[in-house]
Amino acid sequence: MNYPLILTLVSCLIYVPSSSADQPVTFDPYVVESANKKYTLTVKRPSRLAKLFGTELSEYPWILQVRQGRRSVWRIGFRHPGFGGGYLANDGSLYVYVSPDYAANINAISIYSSKGCIKRVPYKELNFDRRLIAKSVSYEWAWDDDGYQGFVYARDGTIESFCVTTVDGRLHKIDLRPK
């Protein structure tokens, strides 16, 4: 009997690569802090809806609130995308949500202010090599983990743009200057 061969086969059957595991959509409340730590954004369910459970939680309104210390700066109704995270500007004026899951028919980036969602950038508007999209069991990832994601500020501190790097190394700049 060939024990080394049997041991190798058993090892191959037991080994499961960690990259095949996905993080499930959770619809959990979340917190995002500005890079300068002066502002905090929270996304949570309003208390009157906290006891509702449905198959499509993203259809229920959530509250997106920006605070500076204990003072509320702005607050809007929000449709939870299923994952937490994003970027809050250093002046607390803008929140950018970058979708972690690629799909040609959804928004890659959504930008919010006190007026609600002020800009959406669908994946189809981003010019990048879709053949390089990383795939897991349930999701497709279009972003370069080592690339830049964040706000770009002018010398006077005003927001000029938001940048993201796609899997092909291309930097995409979304103009956020007032028109």
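## A buried aromatic pair

F78 and Y95 are both buried. In this predicted model, their ring centres lie 6.3 Å apart, with the planes at 65 degrees. A pair counts as edge-to-face when its planes are over 60 degrees apart, so F78 and Y95 form an edge-to-face pair. F78 belongs to strand β4, residues 71-79. Y95 belongs to strand β6, residues 95-98. The two positions are 17 residues apart in sequence, so the pair ties those separate parts together.

## Other ring contacts

The count of aromatic pairs comes to 10. Ring pairs also join Y87, F151, Y153 and F162 into a cluster. A charge meets a ring at F128: the charged end of R130 sits over that ring, 4.3 Å from its centre.

## Overall architecture

The protein chain has one helix and 13 strands. Read from the N terminus, the order is α-β-β-β-β-β-β-β-β-β-β-β-β-β. The helix therefore comes ahead of the strands.

The protein chain has 179 residues, and 34% of them count as buried. Contacts between residues at least 6 apart in sequence include many that reach further: 43% of them join residues at least 24 apart.

## The largest pocket

How many residues line the largest pocket? The lining has 19 residues. R79, P81, Y97, S110 and Y112 lie nearest the centre of the pocket. Its volume is about 390 Å³.

Strands β4, β7 and β8 (116-122) each supply at least two residues of this lining. β4 gives the most, with four residues. By class, the lining of the largest pocket has 11 nonpolar residues, five polar and three charged.

## P81 and V25

P81, one of the residues nearest the pocket centre, is found in the loop between β4 and β5 (87-88). With a relative accessible area of 33%, P81 is partly exposed. Leaving out residues up to four places away in sequence, P81 touches F27, Y30 and Y97. Y97 is also among the residues nearest the pocket centre.

The loop between α1 (3-14) and β1 holds V25. V25 has 38% relative accessibility, so V25 counts as partly exposed. V25 and P81 are 56 residues apart in sequence, yet their C-alpha atoms are 8.7 Å apart. The C-alpha atoms of P81 and T26 are separated by 9.4 Å, across 55 residues of chain. Beyond residues up to four places away, V25 touches G82, F83 and Y139.

## Two buried serines

Is S113 buried or exposed? S113 is at 8% relative accessibility and buried means under 20%, so S113 counts as buried. Its place is in strand β7, residues 107-113. β7 is one of the strands that supply at least two residues of the pocket lining. Not counting residues up to four places away in sequence, S113 touches W74, I76, S93, L94 and I118.

S161 is found in strand β12, residues 159-165. S161 is at 1% relative accessibility, so S161 too counts as buried. Setting aside neighbours within four places in sequence, S161 is in contact with G150, F151, V152, K173, I174, D175 and L176. Among these, F151 is also part of the aromatic cluster with Y87, Y153 and F162. S161 and R177 are 16 residues apart along the chain, and their C-alpha atoms are separated by 6.8 Å.

## A positive phi at K37

Most residues other than glycine have a negative phi. K37 has a phi near 65 degrees, a positive value in a residue other than glycine.

Where is K37 found? K37 is in the loop between β1 (30-33) and β2 (40-44). K37 has a relative accessible area of 58% and exposed means over 50%, so K37 is exposed.

Note on methods: Residues numbered from 1 in each chain as written. Predicted model: local features only at pLDDT ≥ 70, side-chain atom pairs only at ≥ 80, totals over all residues. Heavy atoms only, no water. Buried < 20%, exposed > 50% of the residue type's maximum accessible area, 1.4 Å probe, protein only. Contact = heavy atoms within 4.5 Å. Phe/Tyr/Trp six-rings, centres within 6.5 Å; stacked < 30°, edge-to-face > 60°. Lys NZ or Arg CZ within 6 Å of the ring centre and 35° of its normal. 1 Å grid on protein atoms, 1.4 Å probe; cavity = no way out; pocket = protein on both sides within 12 Å on 5 of 7 lines; lining within 4 Å. Points joined across faces, edges and corners; volume = space filled by probe spheres on them. Nonpolar A, V, L, I, M, F, W, Y, C, P; charged D, E, K, R; others polar.
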